[in-house]
Amino acid sequence: MPEPTPHVHEYDAEESAAWRAVLTGDLGQLRYLRAVLGRIPAGPRCKFCLAPLKAPGSVLLKPLGFGPSKLNRRLCRACFRTIDKRPGGAEIEISLLFADVRGSTGLAERMPPQEFSRLISRFYGVAAKVVDRWDGLVDKFVGDEVVALFVPGFAGEDHAGRAVEAARDLLRETGNDGAEPWAPLGVGVHTGVAFVGRVGEGDACDFTAVGDAVNTTARLASEAAAGEILVSVASAEASGLDASGLERRSLTLRGRDEMIDAFVERA
C-alpha cells in the first residue's frame, strides 16, 4: 500500500462555511432538493442531491443536467459541476472504511491474469453495492483496496454506525464469515476530522477526503488480518458499539509516535 502523504489547504472562510453546510446537511436549499428528488423512483442516487442516476428517474432529469457524472459515478453532473466551480472544502468529522484483499499478491501468482482481474472486479462491484446500501460514498478503488467515506451530509449523524455495519456486510458478502472466502479481506474503520471537498488542481481533481484520519484508517486496514475489522476506539464510541467480549488491540502504526487502540470484530 502506498504511504499516505500529508496535504495542506488554505481556503476562504466563506467558502469553507458553505462547504461545511453542505457536508453536514445543514444547507436548507440542499435539504429541499433532496426531499423533492428523493421522491423520484430509481436508484442508485447522487449522494448529495438524491437525483436518480439510472432509469426511469435519470431519463426524466437528464434534460436538467442531473445525469450521472463521468468523473465520479456516485455524483450527478449537476453536483459535480457545482463542486468544480467552488474549489475548497471544510474540516468536518467523518467516518472512513478501508478494505484490502489479503494475500492478493499470492492470489495473482496462482491465478491467470484474466481470472484475477475478474475476482478484483467482483470485489469492486460488491464493495460499491455494500457502501451504497449504508449511505457511504466510494472514494476510490486502488488495486486490491476500496476506500469509502461516510459523510454526515448523506450518511446522517450515525455515520460511524453505518461505516461499521458496511464493514460487517462487506465481510459477509465476500465469504469471510466462512472457512474459504472468495476475497479474504482486512478492514479498518475510523472516525475523525478530515478535510473533505474538491481536492487537486486542473484536470487532476476530485471530491475526496484527506488528513490524519484518512491515513489512520488506511493503516488500521493494513494491520487487520483476513476476516477482521479493526474499529478504532473513536469509531466504537461514536457508533455506540457494544465492545464487551471484543478483543482490544493496541497498535503502533507506521508514521505515528503514539499507539492507537482498536476493537477487533470478526466475521
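How many disulfides does the count come to? Zero. Keep in mind that this is a predicted model, and then have a look at the cysteines and the strands.

**Cysteines**

Start with C46, whose closest cysteine sulfur sits in C79. The gap is 3.7 Å, and a disulfide needs the two sulfurs within 2.5 Å, so that is too far for a bond. C76 is in no disulfide either: its nearest cysteine sulfur, again that of C79, is 3.7 Å away. As for surroundings, C46 is buried at a relative accessible area of 0%, and C76 counts as buried too, with 0% relative accessibility.

Here are three buried residues, the two cysteines plus a serine that comes up again below.

| Residue | Relative accessible area | Status |
|---|---|---|
| C46 | 0% | buried |
| C76 | 0% | buried |
| S232 | 1% | buried |

**Strand β6 and its partner**

Now for β6, which covers residues 228–232. Five of its five residues are buried, so you can call this strand mostly covered. Which residues sit on each side of β6? On one side you find E228, L230 and S232, on the other I229 and V231, and both faces are covered. The strand pairs with β8 (residues 260–266) in the antiparallel sense, over five bridges. One spot to click on is V231, which has F263 of β8 as its bridge partner.

S232, a member of β6, is buried, with a relative accessible area of 1%. Leaving aside residues up to four places away in sequence, S232 touches V189, H190, T191, L220, I260, D261 and A262. In that list, I260, D261 and A262 fall within the residue range of β8.

**Strand β1 and its partner**

β1 runs over residues 88–101, and 12 of its 14 residues are buried, so the rest of the structure largely encloses this strand. Where does β1 find a partner? In β3 (residues 145–150): six bridges join the two strands, and they run antiparallel. Within this pairing, D100 stands opposite E145 of β3.

**Helix α1**

Last stop is helix α1, spanning residues 13–23. Which of its residues are buried? They are W19, A21, V22 and L23. Just after the helix comes G25, which takes a positive phi of about 80°.

**Pulling it together**

Two antiparallel pairings came up here: β6 with β8, and β1 with β3. On the cysteine side, C46 and C76 are both buried, and the disulfide count stays at zero.

How values were computed
Residues numbered from 1 in each chain as written. Predicted model: local features only at pLDDT ≥ 70, side-chain atom pairs only at ≥ 80, totals over all residues. Heavy atoms only, no water. Buried < 20%, exposed > 50% of the residue type's maximum accessible area, 1.4 Å probe, protein only. Helix = DSSP H or I, 4+ residues; strand = E, 2+ residues; numbered from the N terminus. Pairing = 2+ DSSP bridges. Contact = heavy atoms within 4.5 Å.
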